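Here's a quick walk through a two-chain model, written for someone who likes to poke at the coordinates. Have a look at the structure first, then read on.

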Amino acid sequence: MSSILEQVKQAIIDGDEDAAQAHAGEALQQGVNPLTVVKEAIVPGIERTGELWKDNVYFMPDVVLSTEAFKAAMNVVQPHLAALSADSRGRYLMGVVAGDMHDLGKNIVTAMLTGAGFEVIDLGVDVPTPTFIEKVKELKPDILGVGCYMTTTMLELREVMKGLNDNGLRGGIKVMVGGVPTTQTFADEVGADAWGKDALDAVEKALSLMEK
Amino acid sequence: MGIRGMLIRSSLPLLIRLNTMRTGSGPSLLTPKLRKGVQPDPSDPRTWWMAGASAARNPIPVMAQMYDHAMFLSGVPAQKFYSDAAIHINAIAAVSAYYGLDAATGGGDTYNYEAEALGQKMIHSDHAMPDIDSREPLIRETGDLKKVKVPDWERAARIPFILEVIRMNAEMGFATGKFSAPFSLAVSLRTYPKLIRDLRKDPGFAHDLLTFLVDEVLASYLKVQKKYCGIKAATGADAWAVFPNLTPELTEQWVVPYAERLFKKCTDFGLITMAAGGGGDYCEERIEKFDKQILHRCFAIQQKLLLNTPMLILGMGRWHEYPLEPVAEYLKKYQDKGIRASIMANLNARLLRDGPPERITAAVKRFIKVLGKAHNLAIVLANIPADTPPRHIHAAVAATRACSRLAPGADPDEIAVTVPERESFQKYIDTMSGGRGLPGR
């Protein structure tokens, strides 16, 4: 790997947002293909962070900083990647239910999914159910990922599922749920296809759903 | 004796209650002793709860954090439940009475009040607890800190609501104030990613922020709490300071010093503060990553935050799945000196929601079997999820009652637990209120 790609990767592992942004820009200036920057530096960086987290070497602060560095590097490279979606593992529509402003977990999952090759469209937080439905119709994602982080807002997921069913959309899409108060039991109750226990688990489940 | 020692002695009644959850005798942390402010009234849910509350007789008391569950069960809209103190307390007392809990305390969204009063943008909905709008942090840039002004605590945002809730708690015998601990309050105003970045890249600013929150914000707020609510102690909630949100190293560096600083500030006006609500808690989600060394480091921090009293809070983690022997091992230092530590043993929120009752009763029995003989236990139902089936809560209470008076050497696993077949909460309310429903609803 070239030196500049190694620097991008290391900046992401180190959670150094400023360095990740700067090195990603330098890589493009040096004429490195944007897709190469993603595949050989940015993605391996966030993947390594995931491994370190799994091994109890990294903890939440490290993962969050790596996620921020990942986003900073991607923001530099993404405008030059018009054709990335053609190369993706699938289209993943992501959002947090209405009334819920928690975005920390969602942002980590978004980074990890992007790193795993998904084209992730992030609707953000406090997403009303009609918006989920409208965006599913418009963007035709392979997977809809819904995050809920409060025991009251997670009940909104039933409305999302009802909306998908009422609009005849459920058959054409896989639904994943995640967030602190959710469990496999809850996912089964609402009729979701998978529950993401954490960011790495969400990626594994998403990849598995794409094979079905 | 230092100032801390003098204060602890002068606040002996509180600390006796904290430390004497003795099996079979003695006062309890949860003993509702001070009920002077509540006159018996058959239409008042606080009276329903008090009539059934018997913590002094229950060797292992059961308490709960259940704001969303109480709101959901009682059918009170969120905007009312989280802004009207009388309705809030009525719902909590009614649900506590229904389950036969040994404590009934209101509080609500503890992490939000100070932040909202300082000007942090919130989202209020009819179905959920108010939530901080993390898209618009009050301190987006470091320079914004200078613009933050200490509000008029007796009037700002929902502070009058929480002051009244704390005052009503005190009337029922739970005279402890509540606040968002400095680190969690900093997260509320700055967002977690930005604050973590500050700790690493701009520690000077992070210190300025936390110092401001302790010296200017929390000290003045707690002074008002003491004056209005008649409290002598207050506990800070600090969920952002639990492991793995923070490592033990970061907690030592960024949480403990500011808890100590706040303690010293508040002693000036006779209030004891403890960051007892989360700081040093161990919440590893992947059971295969359970790590005894990290757990013990968290406990050591927790004890500093609990003023080095022989207490331990097994908080929001997956305690029904973690091994409990490392807890017993950690507490052996007390056992060897003949001291029974006080343990607040939480039943995990997702366990309570998902059940089944047999799994819940098994978790209660395990706590009692491994930790209950050498130490004093309280079973805490951790942040009961909104739509938890009431039968699951009845199971937790029944298991605790059934196993809490065992003869020496008896095995909780041998005890049969019968979960009572109870009427619905609505029917309970109809019966207790003579068909008038929950007051104020």
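Let's start with a strand pair in chain A: strand S1 (residues 90–96) and S2(A) run in the parallel sense and pair over 5 bridges. If you want a spot to zoom in on, A:Gly90 sits opposite A:Phe118 in S2(A). Keep in mind that this is a predicted model.

That pair belongs to an open sheet of 5 strands in chain A, ordered S2-S1-S3-S4-S5 with parallel pairing. Strand S2 (118–122) and strand S5 (194–196) of chain A are at the edges with a single partner strand each, so one side of each has no neighbour in the sheet. From one strand to the next, the twist averages 25°. Helix H5 (residues 104–115) of chain A lies across S1, S2, strand S3 (143–147), strand S4 (174–178) and S5 of that chain, and it runs at about 155° to S2(A).

Now for the core. The largest nonpolar core has 218 residues, and A:Ala73 and B:Ala396 are the ones that touch the most other members. Domain 1 (3–84) and domain 2 (88–211) of chain A both contribute residues to this core, so it lies between them. Leaving out residues up to four places away in sequence, A:Ala73 touches A:Val8, A:Ile12, A:Ala20, A:Gln21, A:Ala24 and A:Ile42.

What about the place where the chains meet? There, 30 residues of chain B are in contact with 23 residues of chain A. On the chain B side, helix H4 (67–74), strand S3 (131–132), helix H10 (192–201) and helix H16 (349–354) each supply at least two residues. H10(B) gives the largest share, 4 residues. By type, the chain B side splits into 14 nonpolar, 5 polar and 11 charged residues.

Chain B also has some backbone details to check. Here are two cis peptide bonds:

| Peptide bond | Omega |
|---|---|
| B:Phe243 to B:Pro244 | near 10° |
| B:Gly355 to B:Pro356 | about -5° |

B:Pro244 is in the loop between strand S5 (233–237) and helix H12 (248–254) of chain B, while B:Pro356 is in the loop between H16 and helix H17 (357–371) of chain B.

Then there are positive phi values outside glycine. B:Thr191 has a phi of about 80° and is found in the loop between helix H9 (182–190) and H10 of chain B. B:Thr191 counts as buried because it has 22 C-beta neighbours inside 10 Å. For B:Asn383, phi is near 45°, and this residue is in the loop between strand S9 (376–381) and helix H18 (390–403) of chain B. B:Asn383 is buried too, with 21 other C-beta atoms within 10 Å.

Terms used: Residues numbered from 1 in each chain as written. Chains lettered and ligands numbered in written order. Predicted model: local features only at pLDDT ≥ 70, side-chain atom pairs only at ≥ 80, totals over all residues. Contact = placed C-beta atoms within 7 Å. Nonpolar A, V, L, I, M, F, W, Y, C, P; charged D, E, K, R; others polar. Pairing = 2+ DSSP bridges. Axes fitted to C-alpha atoms, helices over the stretch in contact; angles between N-to-C directions. Core = buried A, V, L, I, M, F, W, Y, C linked by C-beta atoms within 7 Å. Buried ≥ 20, exposed ≤ 12 C-beta atoms within 10 Å, placed from the backbone. Domains from an automatic or database assignment.
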